[in-house]
Amino acid sequence: MELELRHLRVVCAIADAGSVGRAAALLGASQPATSTQLRRIERHLGAPLFERTAAGVAPTGFGVEVLAAARELLTRADCLGRRAEASAGPAPRELRLAATNAPILPGLVARARHQRPGQRFTVTSVYRSSDIVELLERGEADVAVAVDYPGRELCHSPSVAHRGIVTEPVFVALPAGHRLRHRTEVALADLAEEEWFLTPDDGAGWHGVFHGACAAAGFAPATVHEFLGGRLELQEMIAAGLGISVVQATTRPLADVVVKPLAGTPIWVRQLLVWRPAGVGGEVVETLFGAAAAAYRDLIAAAPSFQAWAARTYRS
């Protein structure tokens, strides 16, 4: 088979819906037909794009890379043939962007500004994804970057829309001298007696996800320190031997910190683009989404821990 844009749309629809069945319904196709098409795409690419979870499916490491490239290609294809905005037209209004502490944010904003030089952006940092939804619902923000988790999808009214940018595994950060530092992957159960740094609940179910994964591994964390600070500050605490923490898979560790995959990938997180359709046009949404996908690809390229995990797990 030859890979076509319609195949990429199927892959993206499955990732956005979180299950083949829901994607089939959105695409107006049957579940068996969609499953068959996915298997053909995976055979063509040479590796699985999704793996089963309790809530449906989640992208594999290879699938994360394919999705990022697919979204970028689809964004470019959707823009072909569109008229350029007349330079003499009115200047676009300010776009109010709310965002969690997402690593993709700098790359997203930089690309969006480059692609839409006439658009003004303001960025507001908001920790809780539920607070982000409230800002959008009240019309106090136009677009946002938020998070949710497979099986705990973000809730909002029909006046707000969202699209998954990427579903990524969660890794663990340890001090460089940790007893498990030489492990290729670390079992969550082997960390039962550790002191944990845990960020506050994010309004999307984070504490339930973390403690649920620990319970499934057979333990409750012995000590949990609530931590709300920057990524660099967190790593400095870990480097000092004060505790460990789950971190994003694309985290670049400091010299005294090691980042390891969790065996079996028990925790996944989804980054989302969320917006008010009444206030943000489709072309702006596509620009932002493509910028976010490209920013994530850059993070992958600079994350050797993630690359090694993906290559070992899905390309061997």
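**Note on the predicted model**

1. The end C-alpha atoms of residues 3-60 lie 19 Å apart. This span is 62% helix and 14% strand. The model is predicted. The UniProt record, an unreviewed entry, places the feature "domain: HTH lysR-type" at residues 3-60.

2. Next, strand S3. S3 (residues 94-99) runs parallel to strand S4 (residues 120-125), and six bridges join them. From S3 the chain passes through helix H5 (residues 105-115) to reach S4. This β-α-β crossover is right-handed. S3 also pairs with strand S5 (residues 143-148), in the parallel sense, over three bridges.

3. Leu97 is a good residue to find on screen. In S4, Val123 stands opposite Leu97. In S5, the bridge partner of Leu97 is Val143.

4. Now strand S7 (195-198). S7 pairs with strand S8 (residues 223-226) over four bridges, in the parallel sense. Glu195 stands opposite Thr223 in S8. Helix H7 (residues 206-216) joins S7 and S8 in making a right-handed β-α-β unit.

5. Which residues of helix H8 (residues 231-239) are buried? They are Leu234, Gln235 and Ile238. These residues cover an arc of only 95° around the axis, which puts them on the same side of H8. The spacing rule helps here: an α-helix has 3.6 residues a turn, so residues three or four places apart point the same way.

6. What covers the buried residues of H8? The cover includes four strands: S6 (161-175), S7 (195-198), S9 (245-248) and S10 (257-261). After H8 comes Gly241, with a positive phi near 80°.

7. Look at the aromatic rings too. Rings count as a pair if their centres lie within 6.5 Å. By this rule there are seven aromatic pairs. One of them is Phe171 with Trp309: the ring centres are 5.7 Å apart and the planes stand at 75°, so the pair is edge-to-face. The cut-off for that label is over 60 degrees.

8. Where do these two rings sit in the chain? Phe171 is in strand S6, and Trp309 is in helix H10 (residues 304-314). The two are 138 residues apart, so the pair links distant parts of the chain. Both Phe171 and Trp309 are buried.

9. Ring pairs also build a cluster. Its members are Tyr149, Trp196, Trp206 and Phe210.

Methods. Residues numbered from 1 in each chain as written. Predicted model: local features only at pLDDT ≥ 70, side-chain atom pairs only at ≥ 80, totals over all residues. Heavy atoms only, no water. Buried < 20%, exposed > 50% of the residue type's maximum accessible area, 1.4 Å probe, protein only. Arc of directions from axis to C-beta. Contact = heavy atoms within 4.5 Å. UniProt positions renumbered as here; feature names shortened; annotations may be inferred. Pairing = 2+ DSSP bridges. Right-handed = clockwise from strand over helix to strand, strands pointing away. Phe/Tyr/Trp six-rings, centres within 6.5 Å; stacked < 30°, edge-to-face > 60°.
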